[in-house]
Structure formats: structure tokens, C-alpha cells
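Reader: Please take a close look at one part of this model for me. I would like the side of one chain that touches its partner, and then any unusual backbone spots.

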Amino acid sequence: MNQFITVIATIVLAPLVGGLLFGIDRRVTARLQGRFGPPILQPFYDLFKLLGKESIAVSRMQFVWIYCYLVLMIASLICLIMQSDFLVLVFLLGFAGVALVLGGFSTKSPYSHFGANRELLQILSYEPVLLLLAVGIYAQNGTFLISAIFSRGEPLLLKLWPLFIAVLYVLTIKMRKSPFDISTSHHAHQEIVKGITTEYSGPFLALYQLAEWYEIVLVLGVVALFWANPLWVGLLIAFGAFLLELVIDNIAARMTARWMVRLSWSVGLVLGIANIAYLYIVKGVF
Amino acid sequence: MTDGMMAIAILLPVVAGFLILAIRNYFARGVVVVSTAVLLIANSIYFASRGPFTYSPPAGFEWATLIAILDYAILITYIVLGFKLRNRLVLIFSATQLVPIFYFEFIMKAHVEVKPAFVVDNLAIVMSMIISIIGSLICIYAIRYMRDHEEHAHLEKSRQSRFLFWLVLFLGAMNGLVFANNLVWLYFFWEVTTLCCFMLISHDKTQIALQNAARALWMNATGGTAFILAIIYLYSTQGGSSALSVQNIVGGSVHSAAMLLPVALLCFTGCTKAAQMPFQGWLLGAMVAPTPVSALLHSSTMVKAGVYLVLRLAPAYAGTYVSTAVAIVGAFTFFGTSALAISQTTGKRVLAYSTIANLGLIMACAGINTPLSIAAAILLIIFHAISKGLLFLCAGTIEHRIWSREIEDMEGLAAKAPLVTLITAVGMLSMFLPPFGMLLGKWIAIEAAYKVPLAAVFFVLASTLTIVFWTKWLGRLLQVMPKLGWPLEKLSPSYSVPLWTLFIGIFAVGFGVGPLYQYFISSATGNVIAGASSIVASNWSGIVLTSSAAKAASTVGSFPVWALYLVLGIALLLPMLFFGLKPTQLRQVYLCGEQSGGTDTDEWLAEADIKTKFILGGYYFQATLGEKALNPWVNTVAILLLAVMIGCGVISK
């Protein structure tokens, strides 16, 4: 029964937090750009407006996939809240990404297609880092369970700081911020139409936005895992990382997908692999 | 009773094969194939319910002499083929088998008698079920497929009988291979599968088919050579016949450091048959054959024999450098071929690379050699056989619909053939996403890889690359114009029965993996390594892994099977069933307002308002990930790794 309440609470509360974060995002970004910015609650107004619009679409499968994306995002967030297997969480998140890409592919639209291909490259860039993080957590804790991260006294950040740096750019990719807002962007100024979301409108676009809200709570939650004991430190770190992303977004220009993959597969993976190798050497496995 | 069971498993396919060869009537031949299939399936299920036993054929018949004669017959056939095809490599590597075997029998005057000749344990039963069930379904599929194939090729004289003969014979040889305990008999069955493989690949007799069949032959013959050398080495240094019993080799009763070299050689043999890099060429070439051949080679037979051998021998090299080397060889193949798969434009080639990659993963699991990884290897063998068998049958069905194997030609298949697309899509998703079995296997593999961290890193990278090539391909199938009402296509029962059976199989085996593991696979794992039962707990709701430290056993990971299928149901099944669009809701795609017509036209007004069709294509990254760019590198590394693997066998003694 307790678990059931947790699940319901997650499903209800997470989008409230996510929506607020998006509101803060818009406000902070506006200030950084010398504008006043919309009210903090603006994302909620937008969502309700979208939900009220006429539902039009270009393909049936597109709805199936975007809805699948939302459900899987919620499922991986539940995985985090229930403190289950981290590797399962990463695989679920990967499935969510695949669903979004397939949504983009399932119509013959050039812009949506562009976006889908780029989203796939984004998965290629962040997925190995998250999987390496799982391996790193195992190397440190001897288990893949998230609950063990909470029961351990010593924060992950002390031993896994190189992976933390790598996770920060995963956060940039996941939040669709410059320089990695490649498949679609929150700003109109550097976009090929609207990338992967070009063909979504009205209630279908609302589903996508809702999924994004869950997603930001999820990835910030993963960042908070680095200092799970006491959790408020981790949450502060996560919020700090969130603000950092906003600053980076406003001082960086969008880069190419190819550059992103190269950077991730060189710097990111080297950080992750070196980190894990170090843990193994310290523990004397070799 | 056991006499009959073994006879049905091994000899029935041979008898049925000759019967098929004699029958010229399409319908009668079909009846023979279907009834053989039914018998084989029923028999394999009976094996499972009866449980393990050992078996030696009744005395009074010189089975050993028969097998020796057939050995020579096969090798002489290779030599004849070598001359016919004018292929020097085939000649060289058949000679390197023929000469040692001649030396073994006539100069060393070896007298090999191993009792029991066959050991039917749970692992062998699992393998036999895969071979008998999935293999038989593929044979059923081939009945109609080959008729369509010949109609399309306008053949004057039907060669369907010959094709089905080799196909059915293959199943018998594979059953013999997994049951055999006598290494010399195992070698014989090994060579029969190589011969069947050659005959099936070369079936169409085109220039390219003959060339690729020859490549398959010589590459597998290198493995055969290593096999026979291992036999001679074991026989001469380990004291005769008893060293040639697989039971003794893995049981440790002839265990000594000197045994490591022959075991490493046998692992090499396994690598050739499982098409590990640098031997991937033969399996890629094999796709020129009619699709049932690919389906059979990739799912239930041939390549699975390679991983079976390595897995079976795991206890013999446990805890040595050979083991680590096997893990790295497999993990590297998993990584390298997953990268290469991204650049492939032909559907069957992507499937082939994916097979090699997953075999690499299984191989790596055998090399990691912990109870957990061995459990992962067996699960992966099962799930891969189902999913890949299905995907090849889908590829064949698609090919007979659009008469092309190119991924770009499959664009928008969802609108043309929704049923086949649905089955294919599920097959693809089942290869790399939760909650399906392949991912479960991968999950256990990553959780088990702590002993060989380098392998874990390769697993991580390869898993990511896997996501890319499957999603990319699936995306091409789904790309459709805004239009409602896709008419369902009609399929011949010879196509639809195997397709739907495997389709249901994915879900049945995947959803029931908990109990299935507990009652069945766990004991198969126990045949290879002890201790799996104490660290893997499974039931309907999921699989929980605990650390092997007995004192404070703590949970290492948990895979909630039941919950994940529920998520899948809510996420995909629900909208598929209940979401519909009305025609009035459809709009044209965004083309900057330059469309030339209604919603379902893919033309736009180009320069000077000329109607132009717009074309979308997939990404293939051939400059960075193509075979030309990657092959020199990955093959070099793979050759070095194989050399290290055999080197470890030499040094460790």
C-alpha cells in the first residue's frame, strides 16, 4: 500500500516540480538576456492552453510513441523514487529516448526526421555515460541498487567526481541546452523549424512537454544521488547544476551533432573509464 | 526408451532428409517436413520432462567405424570441392584436417572408446530444445519460401528437395553435437554442420554464392583443424581415451596445466564457428543464401554450436588467463561488430552483424566464468535464438514482398505490410529494450562483468551502439505518409505459423522467465558451474541477484519482470489498441507551406514551382564506421586477441 502511495505521489508531484523548474528556467534565462521574463507559472498556463487545442496529427503512430515516451519517463522516475536497480533505470530511460526518436521517424516529414536522427546521436552521446555511472556505482558500493546509495554514509561524489563531470554534460543534453540543444531547442533562434517536435501540436505537444518535466526531475534526481546522505546537500548540488546549465546555455552556441558525439566518446568516456579503473585499482581487483 | 529418444533426435532428421530428397511432390514433401518437425518438437519436450541421462548406443554395431568412415568421406568431399571451386584455402585447410586425422588413426593407432558416448544433461536439453523447436519452425517456413524463391528465379528444374534435405539433416547433426560426450564424435557432428552449411550457402550456385560458401568452408575448416589438433594433443599427453570425454575434461578428473592448450584450441574452434572477429566474414557472406538458411545458421544452429562448445568447456579453463582472454575476445567482438552494424545499408547484413555481436556477448559471459555470467550466457542463447530466428523470417517475408534486402527500400513498410511490420518491430525491440529477454541477459551480463572490468566497458559501449542501429532501421519501416487505414496483408500459413509462434514465444518466454529460470535453466547453469542457484532468485515477479559472499549476502540487483511488462503494456499496447485518429484530424506535414497537394502527397513545389518528390534517407556514417574504415583496425586487434588467448594456453602450463 505504501508503495502504491509513493507511485501515485510521484506521478502527481513530479510534474509540479518539473513545471516550476521550467518556469524558473525561463525567468532566469530572461534576466540573463536582459528581459523581464514570464511569470514562474507560465509553463503551466502553456500546458493547459495546449491541452485545450484541437488535436490534429500527421500519423497515428506518432501519438503512440510520444505517449510511450511519457509513460517510460514516468516509469524510470518511479524506478528512482522506489530506489530500485540503477541499471534498470538507465535501460528504461534509454527506451524512452528510443520512443521519442521513433515518434520523430514515424512520419515522412523532413524536419522531424532531422530531429530524430539528431536525437539518436544524443542518445549515443549520453547513454554510455549513464551506463558507466551504473558500473561505477557498483564498483563503489558492490550493488546496483539505488537504496544502497542512500544507506551508505560516504557520498558518491568523493570517489566518483570524474563521472559527476561527465554526468553534467548528460544533464546539458537531457535539458536540451546549448551547446547540445541539437535535436530540438527551447529557443527559436537556432533551430531548424522545431526539430523532432515539429510535427507535434496541441495535446500531443502537451504530452511531450509533460514528459520533459518528468525528465528534468529524473535527471536532477540522478545528480542528487551523488550526495544522497544527507539528501538536502545532493538536492542543493542538483539545483546548483541546474542553474549552471542555464548560464552555460546563455553563453554557449549550439554545436554540431558530430562534435557532440566526438566530445562525449573522447572526454566523457575517458573520464568515466579512468574513474572506474581507479576504483578497481584501489579495491585491488586487478 | 532412451534408444528411441536419441534415435528421433539424431537419426530421424537423416532418414526424413533422404525421404524428402526422394519426394518430388510439393505437398507430400511438405507433409514429411511438417511431421518431422512435430516429432522433433515433441521429442525435445519429452527430453525436458524426462530429465538428464547418459547414453551409449547399443553394442553390436560398429558406430565408431561408421563415424570414422564418414569423417573421411566429409574431408574428401571438402578436397573435391576445393578442386572444383579452385580454392586454395579450402584445399589447404581440408588437408590440415585430413593429414592429422590420418596420423591419429593409422600412425598413432589410436583406439578411442568413450563411455558414455552421449551425455544428456540439462544444458544439452536446453540446446536441443532450441534446435528442435526453432529449427523445425524454420524448416516449415522454408517449404513455402523455397517455392516462392524458385518461382521468382524462374528455375526449370526444382531443387527444393535438395535444399530441404540439408536443412533437416542440419538439425540431426546439431542434436548429435550437443549430446556428444566423445570428443571424436563431437568432431564428426561438428564437420557435418560445416558441410551442411556449405551446401546451403552454395544452394543458388551463383558465382557469389559459391565464393561465399567456400569462404565459410575454409574458415570453419581452420576451426576443425584446431579441433583435431586438440584431440591428438589430449589423447597423447593425457593418457588415451578417457581424456577425450567431455565429461572428464570439464569434470576436472584429467585436469592438469597441460590441458589448457587443447582447451584454448577448442575455444579457438568455437570462435571460428561462432564467427567471432576476425572470422565474421563467413557469416556475413552466408546471407547470399535463401533466407531460411540465414535464419537457421543465426538462431538455432551452427553459430550456437560455437558458443555451446566454449560454454561447455568453461569449467576447464576457469580461473586461468585463458578465461579472461575469452572474455575480452568476445567483448571486443560485441563492440566492434555493433559499430560496424551502424554503417550497413542491407537489412540482412545488420542482422548478421547483430548476431555476431550477441555471440560475442555470450562468449564474453562464458569467459567471465562466474555463476552469474554463465546464467546470462544461457539466457542469451535462448532469447537470441527466438528473436533472431523471428527477425530473419521477417526479413525473408519482407524480401518476398518488396524483392529487396536494402533498408532504404523498406521505407514506409508499415503502410504496405502492417502485420509483418508489427512482427518485425516487436522482434527488433525485443533485441535491445526492456523488458525483453535479450536485455535481461545483457543486464545480468553487465552486473556480472565486475570480474573483467574491460569487458564491462565494452558491454556498455556496445549496448549503446546497438540502440542506434536498431532504432535507425525501425525508423525507416515506420516512416509513412499522413493516411489512415492500412489494409492488412495475407500470409501463407507456412509463413504465418512460424512467425506468430516465435512472436508469441518472445512474450511467453520473456514473461515467464522467472519460473522458467528457476525450474529449468538454473539446473542447466548448474551443469557448467556450481553456485548459481544460491545467488539468482527468480519467480513470476522478477529476478533478484545477490552477492556470492555467503555471510552477508546482499542484493546486487533486481529486475522486476512483471512490473516492466506492465509498463510495456501501458506504454505501447494500450495506445496501439485504443487510440485512433479520424480522417478530419489528419494534416499534411510541415514543408514551409510549399506542398503541392493534399495530405498524402510527398511532393512539394521546388524551384519555378516544379512539383518535386522529396526523399528522406537514413544515416549510415560510412566514412567513420564503414567496413573500409574500421575493418583493418578491428580485425588486427581481434587477431592479436585470439593469439593472446592461445598464448595464454601455452604459457599457463
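Author: What follows covers the contact side of chain B and then some backbone details in both chains. The model is predicted.

Start with the contact. On chain B, 50 residues are in contact with 54 residues of chain A. Four elements of chain B give two or more residues each to this side: α20 (437-448), α21 (453-478), β5 (555-559) and α25 (561-578). The top contributor is α21(B), with 14 residues. By residue type, this side of chain B splits into 35 nonpolar, eleven polar and four charged.

Now the backbone of chain B. Two cis peptide bonds deserve a look. One runs from K115(B) to P116(B), with omega near -10°. P116(B) sits in the loop between α4 (88-107) and β2 (118-120) of chain B. Another joins M277(B) to P278(B), and its omega is near 0°. The loop that holds P278(B) links α10 (260-273) and α11 (280-285) of chain B.

Next, positive phi. W403(B) is not a glycine, yet its phi is positive, about 50°. This residue is in the loop between α17 (371-402) and α18 (413-416) of chain B. W403(B) has 9 C-beta neighbours inside 10 Å, so it counts as exposed.

Chain A offers a case too. Q83(A), also not a glycine, has a positive phi of about 55°. Its place is the loop between α3 (60-81) and α4 (86-105) of chain A. For Q83(A), 18 other C-beta atoms lie within 10 Å, so this residue is partly exposed.

Notes
Residues numbered from 1 in each chain as written. Chains lettered and ligands numbered in written order. Predicted model: local features only at pLDDT ≥ 70, side-chain atom pairs only at ≥ 80, totals over all residues. Contact = placed C-beta atoms within 7 Å. Nonpolar A, V, L, I, M, F, W, Y, C, P; charged D, E, K, R; others polar. Buried ≥ 20, exposed ≤ 12 C-beta atoms within 10 Å, placed from the backbone.
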